[in-house]
Amino acid sequence: VQLQAFGGGLGQAGGSLRLSCAASGSIDSIAVMGWFRQAPGKQRELVATVTRGGSYNYAEPMKGRFTIARDNAKNTVNLQMNSLKPEDTAVYYCYANLRQSLWGAFYDYWGQGTEVTVSS
């Protein structure tokens, strides 16, 4: 299983960036997809997640600014980031909780991380 993240890069305060992630490989079902981030010197933290059934969970600082969207058929998840702030600067990691077979257990998988830098 691979989680391939795209997007990110350099943005300006008040601007927008978009991240995309595609899960590939031997996948039976993905329960949760989402994004976490890790700023320099800080622990990895939740950005937003969405379940297969469409339940959303946003970290408080992202509410109203970030929007997560998932395509169950394509095993993809996108993160639209608006009203960017310098404190959004971090490495963003795609996340999926999935199983590889009908009788298998669900495990956590992580993408390689993509850098987002927001200048003031």
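In which strand does Ser29 lie? The legends below concern a predicted model, and the first view takes up this residue.

**View 1. Ser29 and its surroundings in strand β4.** Ser29 lies in strand β4. The residue has a relative accessible area of 14% and is therefore buried, the cut-off being under 20%. Leaving aside residues up to four places away in sequence, Ser29 touches Arg52, Asn97, Leu98, Arg99 and Phe106.

**View 2. The disulfide between Cys21 and Cys94.** The structure holds one disulfide. Its sulfur atoms, from Cys21 and Cys94, stand 2.0 Å apart. The pair links distant parts of the chain, with the two positions 73 residues apart in numbering: Cys21 belongs to strand β3 (residues 17–24) and Cys94 to strand β9 (residues 90–99). The torsion about the S-S bond is about -85°, so the disulfide is left-handed. Both Cys21 and Cys94 are buried. A disulfide is, in general, a covalent bond between the sulfur atoms of two cysteines.

**View 3. The largest nonpolar core.** This core holds 28 residues. Those that touch the most other members are Trp35, Val47, Phe66, Val77, Leu79, Met81 and Tyr92. Two or more residues come from each of β1 (2–7), β3, β4 (29–38), β5 (45–51), β7 (66–71), β8 (76–81), β9 and β11 (114–119). Strand β9 gives the most to the core, with five residues. In soluble globular proteins, nonpolar side chains tend to be buried together.

**View 4. The open sheet of four strands.** The strands follow the order β1-β3-β8-β7, and their pairing is antiparallel. Why is one side of β1 and of β7 left without a neighbour in the sheet? Both strands stand at the edges and have a single partner strand each, so one side of each remains unpaired within the sheet. From one strand to the next, the twist averages 15°. Strands of a sheet pair through backbone hydrogen bonds, either parallel or antiparallel.

**View 5. The pairing of β3 with β8.** Strands β3 and β8 run antiparallel and are joined by six bridges. Which residue in β8 stands opposite Arg18? The residue opposite Arg18 is Gln80. Strand β3 also carries Cys21 of the disulfide, and both β3 and β8 are among the elements that give two or more residues to the largest nonpolar core.

Conventions:
Residues are numbered from 1 along each chain as its sequence is written. This is a predicted model: local features need pLDDT of at least 70, side-chain atom pairs count only at pLDDT 80 or more; totals for chains, interfaces and linings use all residues. Side-chain values use heavy atoms; hydrogens and water are left out. A disulfide is a pair of cysteine sulfur atoms within 2.5 Å. Buried means under 20% relative accessible area, exposed over 50%, partly exposed in between (1.4 Å probe, protein chains only). A nonpolar core is a set of buried Ala, Val, Leu, Ile, Met, Phe, Trp, Tyr and Cys residues joined through side-chain atoms within 4.5 Å. Contact means heavy atoms within 4.5 Å. Two strands pair if DSSP finds at least two bridges between them. Axes are lines fitted to C-alpha atoms, for helices over the stretch in contact, and angles run from 0 to 180 degrees between N-to-C directions.
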